[in-house]
Amino acid sequence: MTDATPCGQGSRPAHPTWQHGGVTAATHSSDFPPVADSADAVLLGLDPEQREVATTLRGPVCVLAGAGTGKTRAITHRIAYGVRSGQLMPASVLAVTFTNRAAGEMRGRLRTLGAGGVQARTFHSAALRQLQYFWPRAIGGEMPRLVERKIQLVAEAGARCRIRLDRGELRDVTGEIEWAKVTQTVPADYPAAALKAGREAPRDMAEIAQIYGTYEQLKRDRGMIDFEDVLLLTVGILQDRYDIADRIRAQYQHFVVDEYQDVSPLQQRLLDLWLGDRDSLCVVGDASQTIYSFTGATPDHLLNFRTRFPQATIVKLVRDYRSTPQVVHLANGLLGQARGRAAEHRLELISQREPGPDPVFAEYPDEPAEAEGVARRIRDLIAAGVPAGEIAVLYRINAQSEVYEQALADAGVPYQLRGAERFFERQEVRGAILTLRGAARSGANDPLLEDVVELAAQVRAVLSGNGWTPEPPAGSGAVRDRWESLAALVRLAEDFARSRPRATLADLVVELDERAAAQHAPTVQGVTLASLHAAKGLEWDAVFLAGLTDGMMPITYAKTDDQVEEERRLLYVGVTRARQHLTLSWALSRAPGGRASRRPSRFLNGLRPGSSPAAARSAAAGERAGRTRGRRGPVLCRVCGKTLTEAGELKLMRCEDCPSDMDEGLYERLREWRAVQAKELGMPAYCVFTDKTLMAIAEAAPGGDGELAMISGVGVRKLERYGADVLAICAGQEREGEERDDA
């Protein structure tokens, strides 16, 4: 076969097409791709759905894009194609997203595609730029200064209200103020709005409203605004000054919004004002990746897009270029069990990669064994050629990091923490060790240690002054994270005391110092340790999802159906971070030799070997039944039918004076068991179970977890901690002398 090209010239390779395998990877691409030399070149390598997004330049467009499907690629090529083909002027396009990192990435891609004049910003950055420009015209005078350290001003507001906030409460109250502002809730309306939204407030809601109001007054007195004010003021100006709104609308005629499932009501209001009565809007999102509802984000705007714009073009991106078919199959199965409105719009992903290894489900007897198993597997992957920087260990809360830091350090594997301080560098941990060191020096002279002999009890007594309590605080946020860190130290002390029965408090402090020193590894490229929230938008060749037990995933304070479903979406985000290797693991107990009382996450039922979807439905039904107890409405005595109002009667589900069918012998056995638990934990007996709860258990004589969970006073955490013991006693089995797990 002869070469048909002119003599002396090499054959020019044809541009690869999507059908011929020329589709460019949607993720994990080079940082320096070649610059497109024409409008048509911009479209090269796009799959059919991405090409439809890129070439649909008029009217409203909604792109429903699953994880790993190249959504950022699709929308940047859409903008670039419009600019390079002359259909869009660069200065007339405003692209907005939610993080500076994402905005920077978008600007970089647009420059490479020859559309460098397009504005790609976060909502706050775009609003601030407009506010600074129009302030002299709209308000006059000098624009107020931005608050640089909001948390300090909130602390001052608390002090003005004579409300002292510790560091954790300060962060959480600041978060509540931010939530109130993005949902456009004024201080006076905060308690009612927070209650309606089911917020787990870190302090009394009336106190937060008072701090919120004082914070706003301090800003006004000092001529300052915060980032939420930037959005609020821009919205106010655009609503009141039609001339300014017209100027902005004349400047920006085409809008693109990435991660649209994360918009807050305030951001949506600003977008509406930018848009006016036009419809040149392209939004991209995935309701199945909504994991920030606690900040005010809602997928409703994404899900209602077609209702608002009936003529909208809807494009679904489901070709997954990130993950192997095995990982994608698991991700689809996880969402297949989801419920709720977001689940109704889930996308069924289709992997475009070659087959890879099956996801690994690993069960371990205890947490240290789980961490060591993960570290061994990571070391094997590195030895097989997977770079340490392409491996991640993801967990639900930051307090889980310490055991993995230790295991990786012991295995000689470099690591880096993302989104959190190293465990021994956290302020509450440093403060706790300082307190323990002081107590060790004081010895018997420390009043907290008076008559306290056992090492673990000494640690609990000392750390009670730092905020540790036998039961965790309600809700999530900084207070819960701080408690989890202190609880980790308590558990470490318990393990240390078991391994060295003669150890003293001074010995424990030496052990803590040695552990802290051993984990001060240089900040080199290594395995990523991160919470699931911090992992959003990232991806690795190998991902380990650790600690997947009920109570951690879903987290114990996920009480409503919507909150539990958000936990499922959070796990889905974790699964879809993996390109090739995926391991999901859990431990049956906290410490070596502890009772195996934990259960794998209900989200894995029907997905892990040996489980069935029915188990997931049963667990969900049990949770809903437990939550029903807290709903308001008449509760009737199960004996006489009278409406119950007293707390004790509600717990027993009968009037105090109605006849009881309680098994007196069972009640006494439960009381004896409770006394032993209380003594071991160094807490009052009622902290284990109240008398009324024990009476209710003795009357019901439950035969399983579901029946026990229905009894008022037996929450998820106590069911996990004490359930096996209680059920054994109800069944007439002896539990004395068995070592228990305090997890």
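This passage walks through the predicted model, from its overall make-up to its two sheets, two helix pairs and a few backbone oddities.

Taken as a whole, the protein has 29 helices and 18 strands. Of its 743 residues, 52% count as buried. Contacts in the protein reach a long way along the chain: among those between residues at least 6 apart in sequence, 75% join residues at least 24 apart. The accessible surface comes to about 33600 Å², and carbon and sulfur atoms account for 51% of that area.

We can start with the sheet that holds β1. This is an open sheet of 6 strands with parallel pairing, and going across it the order reads β3-β2-β6-β7-β1-β8. Its edges are taken by β3 (119–122) and β8 (313–317), each of which pairs on one side only. Neighbouring strands in this sheet are turned by 15 degrees against each other on average, ignoring direction. Inside the sheet, β1 (residues 61–65) runs parallel to β7 (residues 281–285), and the two are paired over 4 bridges. Within that pairing, Val61 sits opposite Cys282 of β7.

Two helices pack on these strands. Helix α3 (residues 71–84) lies across β1, β2 (93–97), β6 (254–257), β7 and β8, and its direction is at about 165 degrees to β7. Helix α12 (residues 265–275) also packs on the sheet, where it touches β2, β6 and β7; the angle between α12 and β6 is about 160 degrees.

Helix α12 has a helical partner too, namely α10 (residues 227–240): the axes of the two come within 10 Å and cross at roughly 35 degrees. The crossing of α10 with α12 is left-handed. On the α10 side, the contact is made by Glu228, Leu231, Leu232, Thr234, Val235, Leu238 and Gln239, while α12 brings in Leu266, Gln267, Arg269, Leu270, Leu273 and Trp274. Sorted by class, the residues of this contact come out as 8 nonpolar, 3 polar and 2 charged.

Further along the chain there is another open sheet of 6 strands, again with parallel pairing, in the order β11-β16-β15-β12-β14-β13. Here β11 (360–364) and β13 stand at the edges with a single partner strand each, so one side of each has no neighbour in the sheet. The average turn between neighbouring strands of this sheet is 20 degrees, direction ignored. At one edge, β11 is joined to β16 (residues 578–587) by 5 bridges, with the two strands running parallel. Ala362 stands opposite Ser585 of β16. Helix α15 (residues 325–336) lies across both β11 and β16, at about 50 degrees to β16.

The other edge strand, β13 (residues 415–418), contains Leu417. Although β13 has a single partner strand, Leu417 itself counts as buried because its relative accessibility is 19%, under the 20% cut-off. The C-alpha atom of Leu417 is 6.1 Å from that of Ala530, a residue 113 positions away along the chain.

A further helix pair is formed by α19 (residues 427–442) and α20 (residues 455–463), whose axes come within 10 Å and cross at roughly 120 degrees. This crossing is right-handed. From α19, Ala432, Thr435, Leu436 and Ala439 meet Val459, Val462 and Leu463 of α20. The contact of α19 with α20 is made up of 6 nonpolar residues and 1 polar one, with no charged residues.

Finally, the backbone has a few spots worth a look. Most residues other than glycine have a negative phi, and most peptide bonds are trans. The peptide bond from Met553 to Pro554, however, is cis, with omega near 5 degrees. Pro554 lies in the loop between β15 (540–545) and α23 (561–575). Arg162, not a glycine, has a positive phi of about 60 degrees. Its place is the loop between α6 (150–160) and α7 (167–182), and with a relative accessible area of 81% Arg162 is exposed. Ala701 also has a positive phi, of about 45 degrees, without being a glycine. This alanine, Ala701, is found in the loop between α27 (691–700) and α28 (705–709). Its relative accessible area is 41%, so Ala701 counts as partly exposed.

Methods:
Residues are numbered from 1 along each chain as its sequence is written. This is a predicted model: local features need pLDDT of at least 70, side-chain atom pairs count only at pLDDT 80 or more; totals for chains, interfaces and linings use all residues. Side-chain values use heavy atoms; hydrogens and water are left out. Buried means under 20% relative accessible area, exposed over 50%, partly exposed in between (1.4 Å probe, protein chains only). Contact means heavy atoms within 4.5 Å. Accessible areas come from the Shrake-Rupley method with a 1.4 Å probe; for residues, only the protein chains shown count as cover. Two strands pair if DSSP finds at least two bridges between them. Axes are lines fitted to C-alpha atoms, for helices over the stretch in contact, and angles run from 0 to 180 degrees between N-to-C directions. A crossing is left-handed if the near helix is turned anticlockwise from the far one by less than a right angle, and right-handed if clockwise. Ala, Val, Leu, Ile, Met, Phe, Trp, Tyr, Cys and Pro count as nonpolar, Asp, Glu, Lys and Arg as charged, and the others, Gly among them, as polar.
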